[in-house]
Amino acid sequence: MLQYKIIDSDAELNVPLEPLLAKLPSWRREQALKFKHEQGQRECATAYLLLSEMLGFQPEFLVGEHGKPYIAPPQGGKMFFNISHCKAAIACAVSDNEVGIDAERIGRYSERLARYCMSDDELARILSADNPDAEFTVLWTKKEALLKLTGEGITDDMKSCLTSNRMNGVAIRSGFNAEKGYAYSVAYHNDNENDNDNENENDDFNA
């Protein structure tokens, strides 16, 4: 089971912060208020509320391997989730297995950074793309989503991570919203190797 949803950050800009914070459990409110700026506080609060909406209850986070949080639902068992937020979008994924999601605002990419973290094939894709900035951002979110699934975070082998054994049994779905200016990827366990896909504008998914 995989479910994920991406919403536009600007859709939440007109919602006052205090009512958002009031909907949170105290521990999540404390986490939100650790962000220095109101934008970060709003994104943190909205991400949790989005996750709660998807689950149908307000979860508490337990800590698993590599420090990754997971959820113990009321009906028992273990449920995995991942959250990402940026100035353009807020993303959440829920699964019965490890999952990673990343959303990033599309900005002008740095060729120096691309040469550091992209393989030669990936760099060629970026340079030949109609929208190199979007192509770079999609590839970056794929790498981040995969490494969030594994719990490793950013590593020294960013160039090869999408072709490494980390991809065994893992599929990645990606897309971008050109109008709102963000890209996203979700990495999840799936034995169907052909399930990797790009799905522009698909911001709500269940499987």
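## Working through the strands, helices and rings

Helix H3 is followed by Gly56, a residue with a positive phi, near 90°. Keep in mind that this is a predicted model.

**Exercise 1. Check whether the length of helix H3 agrees or disagrees with its residue count.**

Start with the count: H3 covers residues 38–55, 18 residues in total. The expected span is 1.5 Å times one less than the number of residues. That gives 26 Å, and the end C-alpha atoms are 26 Å apart, so the two agree. While you're there, look at how covered the helix is: 15 of the 18 residues of H3 are buried.

**Exercise 2. Work out which strand gives the most to the largest nonpolar core.**

First, size up the core: it has 18 residues, and Tyr4, Ile6, Val99 and Val186 touch the most other members. Next, look for the strands behind it. E1 (2–8), E5 (89–95), E6 (99–105) and E8 (182–189) each supply at least two residues of this core. The top contributor is E8, with four residues. Don't stop there, though: a second, separate core of 13 residues includes Leu51, Met54, Leu55 and Ile90. As background, nonpolar side chains tend to be buried together in soluble globular proteins.

**Exercise 3. Decide whether E5 is enclosed or open, and find its neighbours.**

Take burial first. Seven of the seven residues of E5 are buried, so the strand is largely enclosed by the rest of the structure. Now split the strand by face; in a regular strand the side chains alternate between the two faces of the sheet. Ala89, Ala91, Ala93 and Ser95 sit on one side of E5, with Ile90, Cys92 and Val94 on the other, and all of these are buried.

Then go to the partners. E1 runs antiparallel to E5, joined by seven bridges, and Leu2 has Ser95 as its bridge partner in E5. Strand E4 (residues 79–85) is also antiparallel to E5, this time with six bridges. Here Ile83 stands opposite Cys92. The link from E4 to E5 is a hairpin through three residues.

**Exercise 4. Classify the Tyr4 and Tyr184 ring pair as stacked, tilted or edge-to-face.**

The structure holds seven aromatic pairs, and this is one of them. The ring centres of Tyr4 and Tyr184 are 6.3 Å apart, with the planes at 50°. Under 30 degrees would be stacked and over 60 edge-to-face, so this pair is tilted. Now place the rings: Tyr4 is in strand E1 and Tyr184 in strand E8, so the pair ties together parts 180 residues apart in sequence. For burial, Tyr4 has a relative accessible area of 0% and is buried; Tyr184 is also buried, at 0%.

**Exercise 5. Describe the surroundings of Trp27: what does it touch, and is it buried or partly exposed?**

Find Trp27 in helix H2 (residues 26–33). Its relative accessibility is 26%, so Trp27 counts as partly exposed. Leaving out residues up to four places away in sequence, Trp27 touches Tyr48, Pro59, Glu60 and Phe61. Take Glu60: Trp27 and Glu60 are 33 residues apart in sequence, yet their C-alpha atoms are 9.0 Å apart. Finally, follow the rings: ring pairs link Trp27, Tyr48, Phe61 and Phe81 into a cluster.

**Exercise 6. Find which residue lies over the face of Tyr70.**

Go to the ring centre of Tyr70 and look over its face. The residue there is Lys78, at 4.4 Å from the ring centre.

Conventions:
Residues numbered from 1 in each chain as written. Predicted model: local features only at pLDDT ≥ 70, side-chain atom pairs only at ≥ 80, totals over all residues. Heavy atoms only, no water. Core = buried A, V, L, I, M, F, W, Y, C linked by side-chain atoms within 4.5 Å. Buried < 20%, exposed > 50% of the residue type's maximum accessible area, 1.4 Å probe, protein only. Contact = heavy atoms within 4.5 Å. Phe/Tyr/Trp six-rings, centres within 6.5 Å; stacked < 30°, edge-to-face > 60°. Lys NZ or Arg CZ within 6 Å of the ring centre and 35° of its normal. Pairing = 2+ DSSP bridges.
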